[in-house]
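Work through the exercises below with the structure open beside you. Try each task before reading its solution.

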Amino acid sequence: MVLKVHNTLTGRKDDFVPRDAGRVAMYVCGPTVYNYIHVGNARCYLTFDMVRRYLAFRGYDVLYAQNFTDVDDKIINAAAEQGIDPTVLTATFIEAFLEDMAALGVAPPDIAPLATEHISDMLEMIESLIDKGIAYVVDGDVYYEVAKFPAYGRLSHRDLADLQAGARVDVDSRKKAAPDFALWKSAKPGEPNWDSPWGKGRPGWHIECSAMSLKYLGFSFDIHGGGLDLIFPHHENEIAQAEGATGESPFVRYWLHNGFVTMSGEKMAKSVGNVIRVRDALAEAGPMAIRMLFLGTHYRSPIDFNADKLAEAGRAYDRLNNLVGNIDRIAAALDDKITVLTGAGKERQLLDALRSAEAAFVAAMDDDFNAPDALGAMFTVTREVNTFIKDRTRFSLDEIDALDEAKATLTRLGDALGLSFTGFAGSADVNFKADVDAKIAARQAAKAAKDWDAADRIRNDLALLDVVIEDTPEGTKWRVKKDG
Ligand SMILES: [Zn+2]
């Protein structure tokens with residue numbers, strides 16, 4: 001089967017054929033580091049973390065680069081407002097971003113270049129654009145002349161003539177035409193600046209990504225990702241710069257864009273003022289609930305974010321996690337109610353169900369990373385296993401092996417989506433389970449002796465360990481509350 005990805009450039013799902021067999025080079029536009037990131041920003045990093053993980057699951061060797069934009073108008077303005085040096089501001093928010101990503105379980109990029117450390121690469125590209133007559137200098141500023149790049153508008157499916165005609169009214173007199181954009185901006189007093197052949201100044205935002213992605217991934221790399229809002233003009237301009245400077249095409253083979261996060265139907269954005277910081281959402285619901293919420297909608301579709309959906313996603317995660325915990329309990333025969341039998345059991349049907357669920361998972365993800373359907377395949381596993389273990393206390397060794405296989409399958413598929421299962425908290429820590437079992441036994445003994453205070457005390461101790469107990473006709477059952 002072939003992986004298909006929706007390519008913004010062609011406007012359809014294309015077969016994914018990387019530049020180099022078995023390897024994928026991908027670049028995602030990183031944050032502009034002047035504030036904490038919000039849930040809308042995080043969707044992009046979670047989306048491409050999923051893409052990267054699934055490609056690795058499919059056996060590709062993935063090289064992932066994601067930049068930090070650490071020089072920009074927003075940074076300069078925010079630093080000026082706070083009366084601090086821009087480098088202090090960017091260092092603070094690079095750190096905060098790294099913390100948020102780690103807390104979300106997003107794997108760090110292989111390469112995380114800083115724009116300010118790649119000024120010479122950008123200058124080189126700008127000079128080559130000037131040499132080719134595609135860029136022009138006006139009083140220390142350098143502009144890209146969009147009319148010199150006939151393919152302009154191909155990614156965003158806009159017509160260059162329309163862009164030029166439509167924007168004529170607000171033409172900056174310094175530019176030859178309205179769609180022309182800045183490659184280099186001359187320094188204003190007090191701004192960070194670097195020497196250039198055109199005087200002191202700083203790079204435009206768009207040139208950063210062209211220069212850094214080409215430097216680390218080479219021409220015609222495989223996947224360039226970002227949010228939908230970056231298609232125009234940012235990614236359009238990245239193509240114009242990279243293909244203009246090299247005279248070759250395509251700069252990038254597949255352009256992937258994730259949808260927006262909305263709140264009550266409106267795009268989550270700092271400018272709208274309806275943002276929820278990642279760290280607040282993490283404190284509210286934990287990383288797995290946030291990830292489940294995003295995985296539950298196709299990455300290209302919008303998601304409306306609210307507390308109810310977050311809680312619902314957390315419960316869906318719990319269903320998967322609890323199943324892994326139940327398998328642990330049976331497989332380790334920790335519950336003294338479980339009896340291990342010799343001889344054959346009904347493991348065949350469970351193993352068959354696992355195989356077909358995994359095939360369904362792969363088919364869904366191969367279809368442009370259809371994570372909602374892939375999750376559906378994982379929930380098929382939970383249903384199958386729950387049916388398999390329902391009301392049973394006696395299992396054959398082969399059946400326990402099959403249950404272990406179910407756990408391994410869920411773990412493997414979860415990993416391809418960035419979902420990790422602790423099963424019993426303390427990550428399958430046998431001491432923890434033994435400890436809980438001992439406490440439950442002590443509580444049973446206390447109840448038998450009608451020492452209700454002691455029984456309650458033990459129940460409270462267990463609650464502190466996040467263990468929820470339930471007295472049933474079959475005995476006391478326990479599970480661990482969700483992580484986070
Ligand atoms: Zn970019």
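The exercises go from confidence and domains to core, strands and backbone.

**Exercise 1. Confidence**

Task: State the mean pLDDT of the protein chain, and find where pLDDT stays under 50.

Solution. Step 1: this is a predicted model. Step 2: read the chain-wide values. The mean pLDDT is 91, and 95% of the residues reach 70 or more. Step 3: look for the weak stretch. Over residues 425-429, pLDDT stays under 50. The model has eight contacts beyond four places in sequence for this stretch. Step 4: decide how to treat them. Where pLDDT is low, predicted coordinates should not be read in detail.

**Exercise 2. Domains and core**

Task: List the domains of the protein chain, then say which of them supply at least three residues each to the largest nonpolar core.

Solution. Step 1: take the domain assignment. Domain 1 covers 4-135 + 147-157 + 203-304, domain 2 covers 317-417, and domain 3 covers 430-480. Step 2: place domain 3 relative to domain 1. Their C-alpha centres lie 49 Å apart. Step 3: turn to the largest nonpolar core, which has 127 residues. Ile126, Tyr144, Leu183, Met378 and Ala406 have the most contacts inside it. Helix 1 (residues 39-57) gives the most to this core, with ten residues. Domain 1 and domain 2 each supply at least three residues to this core. Step 4: follow one core residue outward. Leaving aside residues up to four places away in sequence, Leu183 touches Ile126, Leu129, Ala135, Val142, Tyr143, Tyr144, Gly204 and Ile207.

**Exercise 3. A strand with two partners**

Task: Which strands pair with strand 9, and in what sense?

Solution. Step 1: start with strand 3 (residues 23-28). Three bridges join strand 3 to strand 9, and the two run parallel. Val28 has Gly225 as its bridge partner in strand 9. Step 2: go on to strand 10. Strand 9 and strand 10 are also a parallel pair, with six bridges. Here Gly225 has Leu256 as its bridge partner in strand 10. Step 3: trace the connection. Strand 9, helix 7 and strand 10 form a right-handed β-α-β unit. Step 4: check burial. Strand 9 (residues 221-227) has six of its seven residues buried, so it is largely enclosed by the rest of the structure.

**Exercise 4. A three-stranded sheet**

Task: Which strands are the edges of the open sheet with the order 12-11-13?

Solution. Step 1: read the order. The sheet has three strands and mixed pairing. Step 2: find the strands that pair on one side only. These are strand 12 (266-267) and strand 13 (303-304), the edge strands. Step 3: inspect one pairing. Strand 11 (residues 261-263) and strand 12 run antiparallel, joined by two bridges. Thr262 has Lys267 as its bridge partner in strand 12.

**Exercise 5. Unusual backbone**

Task: Locate the cis peptide bonds at Pro233 and Pro250, and the positive phi values of Asp139 and Asp368.

Solution. Step 1: recall the background. Most residues other than glycine have a negative phi, and most peptide bonds are trans. Step 2: take the prolines. The bond from Phe232 to Pro233 is cis, with omega near 0°. Pro233 sits in helix 7 (residues 231-246). The bond from Ser249 to Pro250 is cis too, with omega near -5°. Pro250 is in the loop between helix 7 and strand 10 (252-258). Step 3: take the aspartates. Asp139 has a phi near 50°, and lies in the loop between strand 5 (135-138) and strand 6 (141-144). Asp368 has a phi of about 55°, and lies in the loop between helix 11 (347-366) and helix 12 (371-389). Step 4: classify their surroundings. Asp139 is exposed, because 8 other C-beta atoms lie within 10 Å. Asp368 counts as partly exposed, because 19 C-beta neighbours lie inside 10 Å.

**Exercise 6. A loop residue**

Task: Is Leu419 buried or exposed?

Solution. Step 1: place Leu419 in the loop between helix 13 (397-417) and helix 14 (430-448). Step 2: count neighbours. Leu419 has 23 C-beta neighbours inside 10 Å; the cut-off for buried is 20 or more, so Leu419 counts as buried. Step 3: name its contacts. Beyond four places in sequence, Leu419 touches Met288, Arg291 and Gly414. Step 4: compare sequence and space. Leu419 and Pro287 are 132 residues apart in sequence, and their C-alpha atoms are 9.1 Å apart.

How values were computed. Residues numbered from 1 in each chain as written. Predicted model: local features only at pLDDT ≥ 70, side-chain atom pairs only at ≥ 80, totals over all residues. Domains from an automatic or database assignment. Core = buried A, V, L, I, M, F, W, Y, C linked by C-beta atoms within 7 Å. Buried ≥ 20, exposed ≤ 12 C-beta atoms within 10 Å, placed from the backbone. Helix = DSSP H or I, 4+ residues; strand = E, 2+ residues; numbered from the N terminus. Contact = placed C-beta atoms within 7 Å. Pairing = 2+ DSSP bridges. Right-handed = clockwise from strand over helix to strand, strands pointing away. pLDDT = per-residue confidence, 0-100.
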